[in-house]
Amino acid sequence: MKEPLVPVIPMSHTAHIRSHRKPRRSATSSIALRAGVAGGVLSMAAAGASASANAAEPVTQTIELPTLTADMSAQVAQSAAATQQAAANYELRAERDAAAAKAAAEAKKDLAAAKKKAEAKKEAAEAARKAAAERANRSTERATLSASASASASTSTSAPASGSVATVIAFLKAQVGDAYVMGATGPNAWDCSSLVQAAYKQVGVDLPRVSQDQSMSGTDVPLSSVQVGDILYWGGKGSAYHVGVYIGNGQYLDAANPSKGVVIQDLSGYPASGAVRVL
C-alpha cells in the first residue's frame, strides 16, 4: 500500500521567517560614573528608562557636592592663621615706619633749632666784640682828649686856649652811642646836663650840674647867630628841661633819652628855645 503524498506549497520569499534572536524584553539600564574630588565623592548616575518597542524613559542624573574632610579644614585654618599673621606683620611695619618718620622729623627740627641757636650766639659774640672795640676806641679818644684838656688848663684856667671848641666837640662825638640814664655822669652813661658839663670840663670850664642853671651861664646868643660850641637849651631860660651842644651844619649833639642815648640830631627836627655861649 502506498503512503499518501504530502502536498508541497511554495512560499513567497517575503514570507516571515522567525528570527533566531531572542525577543526583546522590558529592561532597566543604568550607568554610574564615580570620581573623587577634594577628598569627597562626586557621583554621577544616569539611569535609562524602560523602553518599549517604540519609546524610552528619560535619563536621571544626580550630582553630589564636595564634602570637606578634616585635612581640608586644617588647611583652611592654617591659611586663615597665615593671613592674620601677615596682617599683623604689616601693621607692625607700618607702626615702625611711622615712628621712624616722626623721629626723623623731630631730629630735623632739633637740628634746625640748634643751628639757629648757634647762629644767634655767634651774632651775639660778634656784636659784643664790636661793642668792646668801640668802647676801647672811645676810651683811647677820651684819654687823648683828657691829656689835651689838662695841657690847656695848665696854660689858662680863666680863658680856654685856642682850639678848645674843637676839643669839646671831639669829646662829645666820642660819647655817641653811650646810654642815657637819668642822673648818670659817665663814663658810659649820661643824662643831658652831665654830658654838657663833662664836655666843657675838658677845657677847664666849670658849668653847673643841671640844665636850668646851665641855661643861665655865659652870654645869650640869638638862635640865628648860633656857632659851633654854643649850648642850646629847651624850655624857658632858668627853667630849661633839656640841653645840648651845637656842632655845626644845623646839627646838635645831646644825650637825648633812654631810647636813643647819646646821638647827633638835626636842629630843624627839634628847634631849641635859646642858646648861650661859654667859650
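Leaving aside neighbours within four places in sequence, serine 217 is in contact (heavy atoms within 4.5 Å) with Leu207, Pro208, Val276 and Val278. Serine 217 belongs to the loop that lies between α4 (211-214) and β5 (219-221), where helices (H or I, at least four residues) and strands (E, at least two) are DSSP runs numbered from the N terminus. Because its relative accessibility is 14%, serine 217 counts as buried, a term that stands for under 20% relative accessible area, with exposed meaning over 50% and partly exposed the range in between, as computed with a 1.4 Å probe and protein chains only. A polar atom of the serine 217 side chain is 3.3 Å from the backbone oxygen of aspartate 213.

The structure is a predicted model, in which local features need pLDDT of at least 70 and side-chain atom pairs count only at pLDDT 80 or more, whereas totals for chains, interfaces and linings use all residues. Residues are numbered from 1 along each chain as its sequence is written, and side-chain values use heavy atoms, with hydrogens and water left out.

For the chain as a whole, four helices and ten strands are found, and their order along the sequence is β-β-α-α-β-β-α-α-β-β-β-β-β-β. The chain has 279 residues, of which 24% count as buried. Among contacts with a separation of 6 or more, 49% are between residues 24 or more positions apart. The accessible surface, obtained by the Shrake-Rupley method with a 1.4 Å probe, comes to about 19400 Å², and carbon and sulfur atoms account for 58% of that surface.

In soluble globular proteins, nonpolar side chains tend to be buried together. In this model, the largest nonpolar core (a set of buried Ala, Val, Leu, Ile, Met, Phe, Trp, Tyr and Cys residues joined through side-chain atoms within 4.5 Å) has 25 residues, and those with the most contacts inside it are Leu172, Trp190, Leu195, Val196, Tyr200 and Ile231. At least two residues of this core are supplied by each of α2 (164-174), α3 (192-201), β6 (231-234), β7 (242-248) and β8 (251-257), and the largest share, six residues, comes from α3. Another core, of nine residues, lies apart from this one and includes Val226, Tyr246, Ala272 and Ala275.

The helix α3 is itself mostly covered, with eight of its ten residues buried, namely Cys192, Ser193, Ser194, Leu195, Val196, Ala198, Ala199 and Tyr200. With neighbours within four places in sequence again left aside, leucine 172 is in contact with Leu195, Ala199, Val245 and Leu253.

Key:
A polar contact is a pair of N or O atoms within 3.5 Å; within protein, one must be able to donate a hydrogen and the other to accept it, and residues adjacent in sequence count only if both atoms are side-chain atoms.
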